[in-house]
Amino acid sequence: MEGEDELVHEERLSPNFDERSLPITMAVIHYTEMKPVGAAIERLTDPEAKVSAHYLITEEGGVIRLVPEDKRAWHAGASYWRGIPDVNSASIGIELDHPGHGLGYRGFAEAQIDALIPLLHRIVKQYDIPRANVVGHSDVAPMRKVDPGELFPWDRLAQHKLCLPKPECLAAGNPFHNWGSFFLALERFGYDITDQAKAVEAFERRWRPERITGVPDGEVAAILWQLLLDRDQGRTR
């Protein structure tokens, strides 16, 4: 597509892909946790590594296509979101060139986010991806992953209607009758709750990044309650 190619600066096609078994309904944001960027590209195109993504965006804002969108890239691994266990088949994976938590975690480069927004906008529009399905790797694999992490600017994406915004009107206190009902609601929102603490950490990392404890509290419960209320009442999808 012409619009797609306008946003892509380079192709470094990876052999690591196969055929999709599901329609595209998600976009997953990752960080590479490798430096320099050439090392990440080498790994994502190495047949021995068996990992890939559809796109990699450098810190300078260069967009590199690694796998065609109609193919299933191998970026999410063992993962789950909103009832889908094969996230790779249902998603487009975007890797951000970044040191990650392992090599000195820091904020994301402005040029990189400036390149991500139009790419993501085109993807979301083309495949009619719900805002609730633009997620981080930690959302779909909470037991294994923490990327893109608590410094990723979800608020900037939300300003462009590319992901859900953080709810502003929160109920006072815990709106759930007990923590069992909270975890059922967390699962209904989309998370794998097999490891409850890791699921809460992933939720906090996305929705309350300033304080990540792995222990649910009234604020976390109120955020989840409002997210589900907004979805159930048709204000978000």
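Me: Ala, Val, Leu, Ile, Met, Phe, Trp, Tyr, Cys and Pro count as nonpolar, Asp, Glu, Lys and Arg as charged, and the others, Gly among them, as polar. The model here is predicted. By those classes, how do the residues of the lining of the second largest pocket divide?

Reply: Into 9 nonpolar, 1 polar and 4 charged. About 200 Å³ of space lies in that pocket. The closest of its 14 lining residues to the centre are Trp 154, Asp 155, Lys 166, Arg 206 and Pro 209. Trp and Pro are nonpolar by the class list, while Asp, Lys and Arg are charged.

Me: Which elements give two or more residues to the lining of the second largest pocket?

Reply: Helices α6 (154-159) and α8 do. The most comes from α6, with 4 residues.

Me: What makes a space a pocket and not a cavity?

Reply: A way out. A pocket is an open set of points, whereas a 1.4 Å probe fits in a cavity but cannot get out. The largest pocket has a volume of about 460 Å³. Its lining has 21 residues, and Val 51, His 75, Glu 95, His 137 and Lys 145 are the closest to its centre.

Me: What is the class make-up of the lining of the largest pocket?

Reply: It divides into 8 nonpolar, 6 polar and 7 charged residues. His is not on the nonpolar or charged list, so His 75 and His 137 count as polar. Both β3 (26-31) and α2 (37-44) supply at least two lining residues. With 3 residues, α2 gives the most.

Me: How many cavities of 30 Å³ or more does the search of the whole structure find?

Reply: It finds 2. The largest holds about 70 Å³ of space. Among its lining residues are Trp 81, Arg 131, Asp 139, Leu 164, Phe 189 and Tyr 191. Strand β8 (134-136) and helix α8 (196-207) each give two or more residues to that lining.

Me: How do the classes fall in the lining of the largest cavity?

Reply: There are 8 nonpolar residues, 3 charged and no polar. Tyr counts as nonpolar, so Tyr 191 does not enter the polar class.

Me: What lines the second largest cavity?

Reply: Gly 136, Ser 138, Asp 139, Pro 148, Gly 149, Trp 154, Arg 205 and Arg 206 line it. The elements that give two or more residues are α5 (137-140) and α8. About 30 Å³ of space lies inside. The split is 2 nonpolar, 3 polar and 3 charged. Gly counts as polar, so Gly 136 and Gly 149 fall in that class.

Me: How do you know what span to expect of helix α9?

Reply: Take 1.5 Å times one less than the number of residues. Helix α9 (residues 218-232) has 15 residues, and 21 Å is expected. It reaches 21 Å from its first C-alpha to its last, so the value is close to the expected one.

Me: Why are some residues of α9 called buried?

Reply: Because each has under 20% relative accessible area. Val 220, Ile 223, Leu 224, Leu 227 and Arg 231 are among them. The buried residues of α9 pack against α7 (179-189) and α8.

Me: What makes the Asp 217 approach at the start of α9 a polar contact?

Reply: The cut-off is 3.5 Å between N or O atoms. A side-chain oxygen of Asp 217 reaches to within 3.2 Å of the backbone nitrogen of Glu 219. That pair is therefore inside the limit.

Me: What phi does Gly 234 take, just after α9?

Reply: A positive one, of about 80°.

Note on methods. Residues are numbered from 1 along each chain as its sequence is written. Side-chain values use heavy atoms; hydrogens and water are left out. On a 1 Å grid over the protein atoms alone, a cavity is a set of points where a 1.4 Å probe fits but cannot get out, and a pocket is an open set with protein on both sides within 12 Å along at least five of seven lines; lining residues have an atom within 4 Å of a point. Grid points are joined across faces, edges and corners, and a volume is the space filled by probe spheres set on the points. Buried means under 20% relative accessible area, exposed over 50%, partly exposed in between (1.4 Å probe, protein chains only). Contact means heavy atoms within 4.5 Å. A polar contact is a pair of N or O atoms within 3.5 Å; within protein, one must be able to donate a hydrogen and the other to accept it, and residues adjacent in sequence count only if both atoms are side-chain atoms.
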